[in-house]
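Student: Can we go through the odd backbone spots in this one? Show me the model first.
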Amino acid sequence: MVRPSFTLHVRLTRRCNADCAYCSSRSDHKGYMTASEYRRSAEYILELLENPSFGGIHRNGQIHIQYIGGEILTIPKRQLREIVTVGREVFSGYFSHVVDGTQSNLVGPPDRISNLQALFGKRISTSIDSFGNKRTLNGSAELYRKTIRISLDSLKRRSFNPAAIVVVDRDSLPYLSSEIAISEEAGRPMRLRPVFHGGSPISPAEPGAMAESFGKACSSWLMNSRISVDPFMQLLLLRLAEVDGGTGTQSSGCPFSDNCAHESLNLDPDGSLYVCLDMADAGLLPLGNALAREFDWGMHQGIAKRYGNLHPDCQACQWRVSCRGGCTMEAIQHSGQIDGKTPLCGTWQSCFSAIDDAIARHGPANVRAWSEGLVGMEGGI
């Protein structure tokens with residue numbers, strides 16, 4: 001049974017101990033959200049969810065709390081444990097199933113990394129850049145790679161291999177297959193994340209090049225890999241659910257939802273509320289402030305109008321049910337319209353085409369059986 005699901009992105013701090021070129025979390029806010037502030041914010045969020053305008057579909061469902069940054073390791077160990085405990089306490093009174101995880105650059109003292117693992121188990125992901133110069137520590141990409149390699153080796157000795165997140169832009173796209181191969185060899189699940197329009201200048205890859213590279217990578221991954229690679233895995237499970245007539249898993253999440261206004265929220269350290277972390281990074285369509293107990297229902301309902309009202313091209317697309325229009329934030333930012341198209345439309349179409357080819361060749365049952373044997377992400381972002 002698939003439980004109704006809600007995602008809460010919680011940015012406890014915007015501080016970071018690295019200086020990555022395309023960081024979208026830079027801000028004048030130098031502190032972190034305290035446990036008492038988080039409790040007040042969480043209780044207000046539950047009040048919002050109880051409001052009929054939010055849909056009222058989440059009680060007794062499940063919540064995925066994703067702690068993002070800034071860098072979570074900059075928060076002292078005791079305070080971080082108190083904060084995470086508050087989230088579990090407050091939301092377990094509303095949701096029947098609470099799953100929390102975090103993303104960390106794993107740049108920090110061993111005791112803080114051990115504390116992170118004690119808090120979240122294997123629900124931790126980290127950012128990888130094996131070839132470029134965008135992720136840096138004190139201005140050095142090699143120092144960043146060396147530092148994170150030490151942390152990863154230490155965790156591996158404790159039988160934990162955190163999922164890898166690779167941001168794909170114009171410079172890193174040529175290394176896409178190589179990054180997947182590195183994770184494959186390490187037995188590490190991964191997520192490919194097209195660079196998004198946050199708070200810093202970015203250089204997205206040309207749409208045609210993205211579509212070609214992602215399509216080839218997805219085709220090579222299917223039925224051959226031993227690791228889960230998102231968004232390929234997300235799209236595969238959505239497509240299999242559609243092919244099976246809805247009998248399989250239909251959960252999705254970012255970036256494939258036309259109803260994220262009712263499925264997610266982002267909480268920033270100053271209490272600011274947005275639909276998701278990307279909208280928060282871009283400062284796009286703010287919803288209010290949990291600490292001030294303010295919420296713009298008009299703005300929220302305006303975003304919610306995207307549900308079932310996609311661009312005519314999306315409505316006519318053969319993968320409409322599985323894709324759900326792609327990322328709401330990217331569609332709005334790219335087109336200025338709530339029913340706009342994401343610039344990654346062609347990229348996702350190339351992946352669906354590869355998936356349909358694999359299903360046609362091997363049959364949905366065999367493809368599903370293969371997917372269920374992959375090393376997967378357990379709750380990172």
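Tutor: What follows is a short chat about loops and backbone geometry in this predicted model.

Student: Start with cis peptides. Which residue does a cis bond join to Gly69?

Tutor: Gly70. Omega there is about 10 degrees.

Student: And where does Gly70 lie?

Tutor: In the loop between β2 (62-68) and α2 (77-92).

Student: Which residue is joined to Pro231 by a cis peptide bond?

Tutor: Asp230, with omega of about 10 degrees. Pro231 lies in the loop between β7 (229-230) and α7 (232-243).

Student: New topic, phi. What is the phi of Leu106?

Tutor: Near 60 degrees. That is a positive value, and the residue is not a glycine. Leu106 belongs to the loop between β3 (97-103) and α3 (110-120).

Student: Is Leu106 buried or exposed, and why?

Tutor: Leu106 counts as buried because its relative accessibility is 1%, and the cut-off for buried is under 20%.

Student: What about Leu285, what is its phi?

Tutor: About 55 degrees, so again positive in a non-glycine residue. Leu285 is in the loop between α8 (277-282) and β10 (288-289).

Student: Last one, Ser172. Where does Ser172 lie?

Tutor: Ser172 is in the loop between β5 (163-168) and α5 (176-186). Ser172 has 17% relative accessibility, so it counts as buried.

Student: Which backbone atom lies 2.9 Å from a polar atom of the Ser172 side chain?

Tutor: The backbone nitrogen of Asp169.

Methods. Residues numbered from 1 in each chain as written. Predicted model: local features only at pLDDT ≥ 70, side-chain atom pairs only at ≥ 80, totals over all residues. Heavy atoms only, no water. Helix = DSSP H or I, 4+ residues; strand = E, 2+ residues; numbered from the N terminus. Buried < 20%, exposed > 50% of the residue type's maximum accessible area, 1.4 Å probe, protein only. Polar contact = N/O pair within 3.5 Å; in protein donor to acceptor, adjacent residues only side chain to side chain.
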